[in-house]
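Reader: Please take me through one part of this model in detail. I would like the place where the two chains meet, and then whatever helps to set it in context.

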2 protein chains.
Amino acid sequence: MTNIKFDSYSYLLDRTARRVKGYAQQKFASGDFDVTVDQWLILKSLDNDKYLKQKELAEITGKDNPTLTRIVDLLCKKGLTERITHKDDRRSFTVHLTAAGTAKLEELSPRVNEVRMKAWENLTEEDYEQLKTILNKIYQNLES
Amino acid sequence: MTNIKFDSYSYLLDRTARRVKGYAQQKFASGDFDVTVDQWLILKSLDNDKYLKQKELAEITGKDNPTLTRIVDLLCKKGLTERITHKDDRRSFTVHLTAAGTAKLEELSPRVNEVRMKAWENLTEEDYEQLKTILNKIYQNLES
DNA sequence: TGCTAATATTTAGTATGACAAATATAAAAT
DNA sequence: ATTTTATATTTGTCATACTAAATATTAGCA
């Protein structure tokens, strides 16, 4: 018999993820962070790996290419990142942080962590580990 | 010290939820379900409670009012639901399934469950329970 | 070399999601 | 009874997703 509860689990997952993102977005907005949650994710990725092709950035952040293009567009318009033609492959752009982008990252890092923490209150270390494991299993179940 | 890992957990949650929804959406599309995942959620809610005000539907499905209005617009355009002026409150509409909507629900139910199951393969009963508990804790941490 | 297939990015179209403001109606208050 | 306040829905705007198609460039192969 097909089990009906999986549909509800999917809904629960979706709802929770939306609330976590929405809560952060509200705090980002009210705190005048001047970036969205998704834009922040790109900045952080570029802090870890200084020069990334958009393709790689998309891979790392789990965004598709069109979405990534638009987020990078917005970040460039804000002067936080810039596109540089890839030296070996003229199809590609390398994206990296500008000085302003680096400054923004420094400025926001502690404040973002502050905001992010709220969702995870009252969870034990074990909860984190279990959640991580389960989410990764689900992710892999749907791989390609 | 502010703990940096909460930002990654948030990302992991977001990424997983997007993949679960995206996977289902792909199957919905390739199987010619003719509804989106979110539209399906509305249909299912209307199957549980036959006559709901849009406000109530929004509450139940966790959508905001403008989003709900638009999803119902699409469902009505497809002839799967209809809006009826509320008898006591002319500000409100009551939404309910048409015959076509009921038929669609019958037809898709088993196929949706089939699709939804995939994400949860290899998870134990205990995993489900833990996930549910943890997600609900997170949800409540961010309540209003 | 020249042709074909693959890859990186962008553009276009539709749907969702959040927020603010507009509209219509109802309920509360004076 | 009239004014104020609250509620239900809609509309507008921007950002994010996903798909498909367009463009540019590179790589592989006959």
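Author: What follows starts at the interface and then turns to the sheets and two loops.

The model is a predicted one. Start with the extent of the interface. In chain A, 55 residues are in contact with 57 residues of chain B. Together the two chains bury about 5800 Å². Of that area, 61% lies on carbon and sulfur atoms. Three residues stand out on the chain A side: A:Arg19, A:Tyr139 and A:Leu142. They supply 13% of the area that chain A buries against chain B, more than any other three residues.

Polar links come next. The rule finds ten salt bridges across the interface of chain A and chain B. It also finds 23 residue pairs in polar contact there, both residues being at pLDDT 80 or more. Which elements of chain A make up its side? Helices H1 (5-30), H2 (37-48), H3 (54-61), H5 (99-117) and H6 (125-141) of chain A each supply at least two residues of the side that touches chain B. H1(A) gives the largest share, 17 residues. By class, this side of chain A has 24 nonpolar, twelve polar and 19 charged residues.

One salt bridge can be named. A:Glu143 forms it with B:Arg19. The closest N and O atoms of this pair are 3.4 Å apart.

Now look at one arginine, B:Arg116. It sits in helix H5 of chain B. Is B:Arg116 buried or exposed? Its relative accessibility is 8%, so B:Arg116 counts as buried, the cut-off being under 20%. The side chain of B:Arg116 makes a polar contact of 2.9 Å with the side chain of A:Asp7. What else does B:Arg116 touch? Leaving out residues up to four places away in sequence, it touches A:Phe6, A:Asp7 and A:Ser10 in chain A. In chain B, it touches B:Val20, B:Ala24 and B:Val37.

Next, the sheets. In chain A, three strands form an open sheet in the order S1-S3-S2, with antiparallel pairing. Strands S1 (52-53) and S2 (81-85) of chain A stand at the edges. Each has a single partner strand, so one side of each is left without a neighbour in the sheet. Five bridges join S2(A) to strand S3 (residues 93-97) of chain A. A:Arg83 stands opposite A:Val95 in S3(A).

Chain B also has an open sheet of three strands, in the order S1-S3-S2 and with antiparallel pairing. Its edge strands are S1 (52-53) and S2 (81-85) of chain B. Each of these has a single partner strand, so one side of each lacks a neighbour in the sheet. Two bridges join S1(B) to strand S3 (residues 93-97) of chain B, and the two strands run antiparallel. B:Leu52 stands opposite B:Val95 in S3(B).

Last, two loop residues of chain B. B:Asp34 lies in the loop between helix H1 (5-30) and helix H2 (37-48) of chain B. Its phi is near 65°, a positive value in a residue other than glycine. B:Asp34 is exposed, with a relative accessible area of 53%. B:Asn122 is in the loop between helix H5 (99-117) and helix H6 (125-141) of chain B. This residue is not a glycine either, yet B:Asn122 has a positive phi of about 70°. B:Asn122 is exposed, at a relative accessible area of 58%.

Technical notes
Residues numbered from 1 in each chain as written. Chains lettered and ligands numbered in written order. Heavy atoms only, no water. Pairing = 2+ DSSP bridges. Helix = DSSP H or I, 4+ residues; strand = E, 2+ residues; numbered from the N terminus. Buried < 20%, exposed > 50% of the residue type's maximum accessible area, 1.4 Å probe, protein only. Contact = heavy atoms within 4.5 Å. Buried area = accessible area lost by both parts, 1.4 Å probe. Salt bridge = Lys/Arg side-chain N within 4 Å of Asp/Glu carboxyl O. Polar contact = N/O pair within 3.5 Å; in protein donor to acceptor, adjacent residues only side chain to side chain. Nonpolar A, V, L, I, M, F, W, Y, C, P; charged D, E, K, R; others polar.
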